[in-house]
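Here is a short set of exercises to work through with the coordinates open beside you. Try each task on your own before reading its solution.

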Amino acid sequence: MNRQRRKRIDEVVALIGEARRMMEAIASDEREYVESMPENLQLSDKWADADTVAGELEDIVSSLDELVERLADCKEGNV
């Protein structure tokens, strides 16, 4: 891979990093929302939906981490 394409990958990684930080904050807020629900709402449909969303958002953050790792491997030729 030439220097220009490696530089473009670095730019993409920076953008993904910004998106990851934003998603992590959203996931954290959603998880906090789930954990602070009143006891009478816990295990309700509303709680279950919010918990599912929080889990999905956390999975997205993990996927972004994996994407950055895969891009680094490509950049270094370790595929």
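**Exercise 1. Overall fold**

Task: Find how many helices and strands the protein has, and compare its radius of gyration with that of a compact globule.

Solution: Start with the secondary structure, which comes to 2 helices and 0 strands. Keep in mind that you are looking at a predicted model. Next, take the radius of gyration: the protein has 17 Å, whereas a compact globule of 79 residues would have a value near 12 Å. The extent of the C-alpha trace can be set beside that value, with spans of about 60 × 20 × 10 Å along the principal axes. Finally, look at burial: 19% of the 79 residues are buried.

**Exercise 2. Salt bridges between the helices**

Task: Search the whole structure for salt bridges, then work out which parts of the chain are joined by the pairs of Lys75, Asp65 and Arg31.

Solution: A reminder before the search: side chains of opposite charge can pair when their charged atoms come close. The search of the whole structure gives 5 salt bridges. Let us take three of these pairs in turn.

Step 1. Lys75 pairs with Asp10, and their closest N and O atoms are 2.5 Å apart. Lys75 sits in helix H2 and Asp10 in helix H1 (residues 3-35), so this pair links distant parts of the chain, 65 residues apart. For accessibility, Lys75 counts as partly exposed because its relative value is 22%. Asp10 is partly exposed as well, with a relative accessible area of 37%.

Step 2. Asp65 and Arg20 meet through their side chains in a salt bridge, at 2.3 Å from N to O. Since Asp65 belongs to helix H2 and Arg20 to helix H1, the pair ties together parts that are 45 residues apart in sequence. The relative accessible area of Asp65 is 29%, which makes this residue partly exposed. Arg20, at 22% relative accessibility, also counts as partly exposed.

Step 3. The side chains of Arg31 and Asp51 form a salt bridge with an N to O distance of 2.5 Å. Arg31 is in helix H1 and Asp51 in helix H2, so parts 20 residues apart in sequence are tied together. Now apply the cut-off: buried means under 20% relative accessible area. Arg31 has 19% and therefore counts as buried. Asp51 has 26% and is partly exposed.

**Exercise 3. A network of charges**

Task: Which residues are linked with Arg20 in a network of salt bridges?

Solution: Return to the pair of Asp65 and Arg20 from the previous exercise. Adding Glu24 completes the picture, as Arg20, Glu24 and Asp65 are linked in a network of salt bridges.

**Exercise 4. A negative patch**

Task: Identify the residues that form a negative surface patch, and decide whether Glu66 is buried, partly exposed or exposed.

Solution: The patch is made up of Glu66, Glu69, Asp73 and Glu76. To place one of its members, note that Glu66 lies in helix H2, which covers residues 45-76. Then check the accessibility: partly exposed is the class between 20% and 50%. With 45% relative accessibility, Glu66 therefore counts as partly exposed.

**Exercise 5. The loop and two distances**

Task: Where is Leu43 found, and what is notable about its phi angle?

Solution: Leu43 is found in the loop between H1 and H2. Its phi is near 70°, a positive value in a residue other than glycine. The relative accessible area of Leu43 is 74%, so this residue is exposed.

Task: How far apart in space are the C-alpha atoms of Arg8 and Leu43, and those of Glu35 and Trp47?

Solution: Begin with Arg8, whose place is in helix H1. Arg8 is exposed, at a relative accessible area of 52%. Its C-alpha atom is separated by 46 Å from that of Leu43, which is 35 residues away along the chain. For the other pair, start from Glu35, which is also in helix H1. Glu35 is exposed, with a relative accessible area of 60%. Glu35 and Trp47 are 12 residues apart in sequence, and their C-alpha atoms are 9.1 Å apart in space.

Notes
Residues numbered from 1 in each chain as written. Predicted model: local features only at pLDDT ≥ 70, side-chain atom pairs only at ≥ 80, totals over all residues. Heavy atoms only, no water. Patch = residues over 30% accessible without salt bridge, like charges linked within 9 Å, V, L, I, M, F, W, Y side chains within 5 Å. Areas by Shrake-Rupley, 256 points an atom, 1.4 Å probe, with all protein chains shown as cover. Salt bridge = Lys/Arg side-chain N within 4 Å of Asp/Glu carboxyl O. Lys, Arg positive; Asp, Glu negative; His and termini not counted. Charge placed at Lys NZ, Arg CZ, Asp CG, Glu CD. Helix = DSSP H or I, 4+ residues; strand = E, 2+ residues; numbered from the N terminus. Buried < 20%, exposed > 50% of the residue type's maximum accessible area, 1.4 Å probe, protein only. Rg over C-alpha atoms; globule rule 2.2 N^0.38 Å.
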